[in-house]
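Trainee: I should be grateful for a guided reading of this model. May I put my questions one by one?

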Amino acid sequence: IAYVNAKPHIGFAMELIQADALARYHRLKGDETFFLTGTDEHGMKLAQTAKDKGQTPRELVDENSAHFSNLTGTLNISNDGFVRTTDEAHKRGAQKLWKKMVEAGDMYKDSYEGLYCVGCEAFVLEKDLVEGKCPNHNTEPQLLKEENFFFRLSKYSEIIGDKIESGELKVVPESRRNEILAVIKEGLRDVSFSRPKSVLKWGIDVPDEPDQVMYVWCDALSNYITAIGYEQESDQFQRFWPADVHLIGKDILRFHSAIWIGMLLSAGVPIPKSIYVHGFITSEGKKMSKSLNNVVDPVEYVDTFGADALRYFLLKEIPTTDDGDFSKERFNVVYESELANNIGNLVSRVLAMTAKYFEEKVPPSDRKNELVSGQLHDIWKAYDEAFSRFDLKVALEKAAELAMFANKYVEETKPWVLAKSDTVMLGNVLYDLLEMVRHLGLMLAPFVPATSEKICGYLGIESKPEDMEKARQYGLLKSGGTITKAEPLFARIVV
């Protein structure tokens, strides 16, 4: 879920699109899938932003949460739920979780003095600062002294480490797994888990403590279970928890791999199965900043190029688990060379030749092309393997590889020459190409769903087949079936 102190930026768009690709892939495989996103709406940073803008916190969160909700539509995101941490159901669920932690003897009151980074919404250690400033936000933390409730995270330090070491909790990629294990080996410390209302009123009330509100991370992390019915322990909660995947940014690894897991262990709730961690996006080689005027607005790119173009770029050009750069120049190159030419031109020319030579009918074929069927088998295998290790970039590269193979096949077989001399072989070749286009349409479905639907529609097939394993076989197009001549999938755009 996203923090709503500002409008959505390209980094959250990337995270949403990555999660959507995973959800769509698993649905196509036949897995029962629930995809949750939403907004994190409490905390000091938000209260301060609202004050600076002359708004109430409620006005600010309502305004900005709507931007994030609208973004899911703009990017064609297939989320099943959208949680707001100001929802009453969320509040009740978070308070239930708190009570369970109290019952476990894992909450105690104490005074604490330390450095607090408002940007991180977390206490920080002096040794982790760079020239006295938070490395993530480049701001000096505040010195706070408060009486708060503390969570006995230290009690679960060894258990959490063992679960990560054993693979019961899978952290991907390996570098992030090693990073959190190094933190755990130093020993996890107890965490301040509430704030006095005299300092911060904007938050969820601590049960039976009218002068305290929950620490924003305690509140926010609980969304994963409150949004699927933890309070009532609903059928949906029983069906979908524990989660197969949490998808997060690298800056919040400690909160998810340590604090959240400790909270669940304390409350007697099963822990998630895996945590996938992505990197950050720079803009034109530099960290995004309003002062540098290099903040990328995802909506602007969608308005000009369409949602699928932005989805394709972010999934293929940004390393899935590492940092990457967004530049207008590279975006334009990828749009023209890969979307308009490699994919769009392939589909257009294959369907145009079929329309011209076989009157918009799938031609007969008197053979199974082992070269083509073998290539399809190998690409699908590599595609699945990439998804299994959370490498969406490589999975999408496999789809692009299929398009390149098909384009090369066109140049090598020269259907326009065969049309003059060998109509039987022409039918075989065009059948092969239509099959490759069909497989390409299916392979693209998690990444560029609108484009996938168009390709499949031109071929008269379903973009979401009931039996995906069968759909991956070679030779399922029926001779005589009607195809439709394609409109350009990606229009030429001069910018």
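Trainee: Which residues have the most contacts inside the largest nonpolar core?

Mentor: This is a predicted model. Its largest nonpolar core holds 165 residues. Those with the most contacts inside this core are Phe-193, Tyr-215, Trp-241, Trp-260, Met-263, Leu-314 and Phe-326.

Trainee: With which residues is Leu-314 in contact, leaving aside its neighbours within four places in sequence?

Mentor: Leu-314 is among the residues with the most contacts inside the largest nonpolar core. Once neighbours within four places in sequence are left aside, its contacts are Ile-10, Ala-13, Met-14, Ile-17, Ile-281 and Phe-326.

Trainee: How far does helix 3 reach from its first C-alpha to its last?

Mentor: Helix 3 covers residues 57–74, which makes 18 residues. At 1.5 Å a residue, the expected span is 26 Å. The model is close to that expectation, with a reach of 26 Å.

Trainee: Where on helix 3 do the buried residues fall, seen down its axis?

Mentor: The buried residues of helix 3 are Leu-60, Val-61, Asn-64, Ser-65, Phe-68, Leu-71 and Thr-72. Seen down the axis, they fall within an arc of 115 degrees, so they line one face of the helix. On the other side of helix 3, the exposed residues are Asn-70 and Gly-73. The place asked for is thus one face of helix 3, an arc of 115 degrees.

Trainee: Against which elements do the buried residues of helix 3 pack, and at what angle does helix 3 run to strand 3?

Mentor: The packing partners are strand 1 (2–3), helix 1 (10–28), strand 2 (36–40), helix 2 (44–53), strand 3 (81–84) and helix 11 (298–305). Helix 3 lies across strand 1, strand 2 and strand 3, and its angle to strand 3 is about 165 degrees.

Trainee: Which strands stand at the edges of the sheet with the order 1-2-3?

Mentor: This open sheet has 3 strands with parallel pairing. Strand 1 is joined to strand 2 by 2 bridges, and Ala-2 stands opposite Thr-39 in strand 2. Each edge strand has a single partner strand, so one side of it is left without a neighbour in the sheet; these strands are strand 1 and strand 3.

Trainee: In the sheet of 4 strands, which ones stand at the edges?

Mentor: The open sheet has the order 5-4-6-8, and its pairing is antiparallel. An edge strand here has a single partner strand, so one of its sides lacks a neighbour in the sheet; the two are strand 5 (122–124) and strand 8 (191–192).

Trainee: How many bridges pair strand 4 with strand 6?

Mentor: Strand 6 (residues 142–151) pairs with strand 8 in the antiparallel sense over 2 bridges, and there Phe-150 has Ser-192 as its bridge partner. On strand 4 (residues 107–117), Leu-115 stands opposite Leu-143 in strand 6. Strand 4 and strand 6 are also antiparallel, and their bridges number 10.

Trainee: At what angle does helix 10 run to strand 6?

Mentor: Helix 10 comprises residues 253–267. It lies across strand 5, strand 6 and strand 8, and its angle to strand 6 is about 30 degrees.

Trainee: Is Glu-469 buried or exposed?

Mentor: Glu-469 has its place in helix 19 (residues 468–471). The cut-off for an exposed residue is over 50% relative accessible area. Glu-469 has 57% relative accessibility, so it counts as exposed.

Key: Residues numbered from 1 in each chain as written. Predicted model: local features only at pLDDT ≥ 70, side-chain atom pairs only at ≥ 80, totals over all residues. Heavy atoms only, no water. Core = buried A, V, L, I, M, F, W, Y, C linked by side-chain atoms within 4.5 Å. Buried < 20%, exposed > 50% of the residue type's maximum accessible area, 1.4 Å probe, protein only. Contact = heavy atoms within 4.5 Å. Expected span 1.5 Å × (residues − 1). Arc of directions from axis to C-beta. Pairing = 2+ DSSP bridges. Axes fitted to C-alpha atoms, helices over the stretch in contact; angles between N-to-C directions.
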